[in-house]
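Visitor: Please show me the model, and let me ask on what grounds its features are named.

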Amino acid sequence: MRLLLTALILVSGAAAASAQWLDRSWPGIPRTADGKPNLAAPAPRTPDGKPDLSGVWNGPVPRPPYDAANAHPWVNDLVQRHHRDYFRARPSFLCRPSGPEADRSAGWKRILQTPAVMAILNDNLTHRVIHLDGRALEADPAPSWMGYSVGRWEGDTLVVESNGYNDKTWLSADGRAHTEALRVTERYRRTDFGHLQIEVTFTDPAAYVKPWGVTANLTLAADTEMLEAVCERSSEHWVGNVSDADKSAVTVAPDVLARYAGIYSGFWLNTKRVVDVSLSGGQLIAKVLVGGTIAGDESRPLVPQSQTLFDGLGLGYRFIVDDAGVATDVEEIHISGAWRLSRQR
Amino acid sequence: MKLVLAAFALVAGATPAMAQWLDRPWAGIPRTADGKPNVAAPAPRTPDGKPDLTGIWNGPNPEARLDPANEKPWIRDLVRQRQQEYHRGRPSFQCRPSGPEADEFGGWKRILQTPAAIVILNEEQTYRVIHMDGRALEAEPAPSWMGYSVGRWEGETLVVESNGFSDKTWLSRYGQGHTEALRMTERYRRTAFGHLQIEVTYTDPDAYVKPWGFTANMTLAPDTEMLENICERSSDHWAGSLTDAAGRSVTVPPDVLAKYVGVYRGFYTPARPRTVEVSLSGGQLVARVIGSASVDGGEMRPLVPQSQTLFEGLGLGYEFIVDDTGTATALVEVHISGPYRYERQR
């Protein structure tokens, strides 16, 4: 199998590693009559009356839709190049810190709040420090992966301003870049005991016309522990790109391709996945409708490598056909293995 | 220079990156009459009367010395094999977490303390969580890089017990391995406002005859900030081994080698005096490096000739400077951080 490893897979590979093994009752938290953590109870407060964000949190990764019109041309060019290279330069795929990347605003994290400093510990063994002692941002901070952050309370909202990022990090899984002038504003609100909302805004006029951002909704992961998810396999050794796949492409007759068009569904790891395969301009396109990494927008042109095997931006797609050559299933080939999706129509 | 980068040298190479850029006075700390932080003042306390370890700390890498007599044979073999490979598999050289390794008790770290948990943030972004809520250690924790830690107060001393380490980490930069049964005990004492002492003991009966360890002495780094220090160059691409060096070796006549035998002295980095005793043993030059700190009494490096004057000594280069008669007058030890010249004493 000469197909290349894809970014998509590695993400989900890491998700599996963060499965929790611990069933550990937290003492002193509000519980409902049946003994379950009462996530709807009021948010706790520190002795000085501020909301206390401390806890182990988890939540789905926000995937901001790509807005090419809001990005300067050099950012659009870079996004296209990263796409061609299967996103292999993404910091987390290189086992480097993700810094301000939108994906990092969610996932597993532990927050530890003290009066002067708040620490956010990520499951990939990176951390951020947010200074709460009233200091201002550094005017000229040394560029770093995780940035320099100060926070202040506006009522019950913690407003965190950050600068001092190097330009090696991305703002999103699809490769949106930023300059060292990036400013990140976050608004943390623990709306009740079990919920933490983080509104993230990226401001970087040399890269984006208007500020933009994401909202992460985290849920308290009560009665368990956060486990490490350490990157050990760097993408440095990934080879190939979309142009390589094009070079090795073969020609498949349109009437054969037409027999593959349809909707396929099944599971990838334990995530439900629905893929819509359609024919557009003589080429098959796989659109991941459910379970994809880029919500609503994950279109994978399928480059034929044989009559039934296609390269879809680093994922393999092998169609299983009946006697008439009509597809009954498609196997989506990830580094984690082949995942069979059955044809629905 | 075809010599292979030495693990040892890389350690020194990382040091400049830890230099601090920030001059930021801390509010509310004890100061002497001249306004300097009073590091001799009493240690601060939390509202519940416990010593408060919070702060930014820095300290030298503690010395976890090799003690072959206390090592099970498989550990001795592993240490030899890792030396043979220039320590390239050391987790920190591969941009992986150092876990319980002794060197992780030096360098920059920030400690945050709350009643339920103490967090130790390391400059290379890894961190440890020490649970202070009275829980016991997990009986069978999932093996991890940083381990699972619980702490309790014994008077003024914070006693931390840890288990659940994967066996990928090392206990020292010299490559002492451990099993997943490793237990680590640490005793933290903030003896004054500016000083934190940490006694570390490793217990791993399948690897070491007796528990062993070291003491780390950290100093408060007030009026500044800790900066991140991210590993970006993995040792994955390092090439070569001692066997390769032997394969490239040339033959140098014994009478030439004899002219290099002697004692050389100088500084490795401005701060560290170093003595290298070069002797001839069984037709091969051997350098005993005193002041390299890995072994009591000196670290033995067999010198494999790469030319008449250039030798490879376990990943370090040794170039002899000779006079008209071929007699060495000085020895240059070549690290990745640069050459260090030691003058011949006798």
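Guide: This is a predicted model. A suitable place to begin is the contact between the chains, to which chain B gives 24 residues and chain A gives 24 residues. On the side of chain B that touches chain A, strand E2 (109-113), strand E3 (117-122) and strand E4 (127-131) each supply at least two residues. E3(B) provides the largest share of that side, three residues.

Visitor: How do the residues of the side of chain B that touches chain A divide into nonpolar, polar and charged?

Guide: That side of chain B has 15 nonpolar, four polar and five charged residues.

Visitor: Which residues have the most contacts inside the largest nonpolar core?

Guide: They are A:Ala119 and B:Val119, in a core of 79 residues. A nonpolar core takes in buried residues joined through C-beta atoms within 7 Å. Beyond its neighbours within four places in sequence, A:Ala119 is in contact with A:Leu112, A:His127 and A:Val129, and also with B:Leu112, B:Val119 and B:Leu121. A second, separate core has 21 residues, among them A:Phe87, A:Tyr264, A:Tyr317 and A:Val330.

Visitor: Why does A:Ile320 count as partly exposed?

Guide: A residue is buried with 20 or more other C-beta atoms within 10 Å and exposed with 12 or fewer. A:Ile320 has 14 C-beta neighbours inside 10 Å, and therefore counts as partly exposed. A:Ile320 belongs to strand E15 (residues 315-321) of chain A. Apart from neighbours within four places in sequence, its contacts are A:Ala327, A:Thr328, A:Asp329, A:Val330 and A:Glu331. A:Arg343, 23 residues from A:Ile320 in sequence, is 9.8 Å from A:Ile320 in space, C-alpha to C-alpha.

Visitor: What share of chain A counts as buried?

Guide: Of its 345 residues, 38% count as buried. Chain A has four helices and 17 strands. Among the contacts in chain A with a separation of 6 or more, 58% join residues 24 or more positions apart.

Visitor: Which strands of chain A make up a closed barrel of eight strands?

Guide: The barrel runs E10-E11-E12-E13-E14-E15-E16-E17 in chain A, and its pairing is antiparallel. From one strand to the next, the twist averages 30°.

Visitor: What makes strand E12 and strand E13 of chain A a pair?

Guide: Two strands pair if there are at least two bridges between them. Strand E12 (residues 283-290) and strand E13 (residues 299-304) of chain A have four bridges, in the antiparallel sense, so the criterion of at least two is met. A:Lys287 has A:Ser299 in E13(A) as its bridge partner.

Visitor: Why is the relation between E4(B) and strand E5 of chain B also called a pairing?

Guide: Two bridges join E4(B) to strand E5 (residues 148-154) of chain B, and because the criterion is at least two, the strands pair. These two strands run parallel. B:Ser149 in E5(B) is the bridge partner of B:Ile130. Chain B has a closed barrel of nine strands, E1-E2-E3-E4-E5-E6-E7-E8-E9, with mixed pairing. There the twist averages 25° from one strand to the next.

Visitor: How far apart do the C-alpha centres of domain 1 and domain 2 of chain A lie?

Guide: They lie 33 Å apart. The assignment divides chain A into domain 1 (7-220) and domain 2 (241-343). For chain B, the domain assignment gives domain 1 (7-220) and domain 2 (242-344), with C-alpha centres 33 Å apart.

Note on methods: Residues numbered from 1 in each chain as written. Chains lettered and ligands numbered in written order. Predicted model: local features only at pLDDT ≥ 70, side-chain atom pairs only at ≥ 80, totals over all residues. Axes fitted to C-alpha atoms, helices over the stretch in contact; angles between N-to-C directions. Contact = placed C-beta atoms within 7 Å. Nonpolar A, V, L, I, M, F, W, Y, C, P; charged D, E, K, R; others polar. Domains from an automatic or database assignment.
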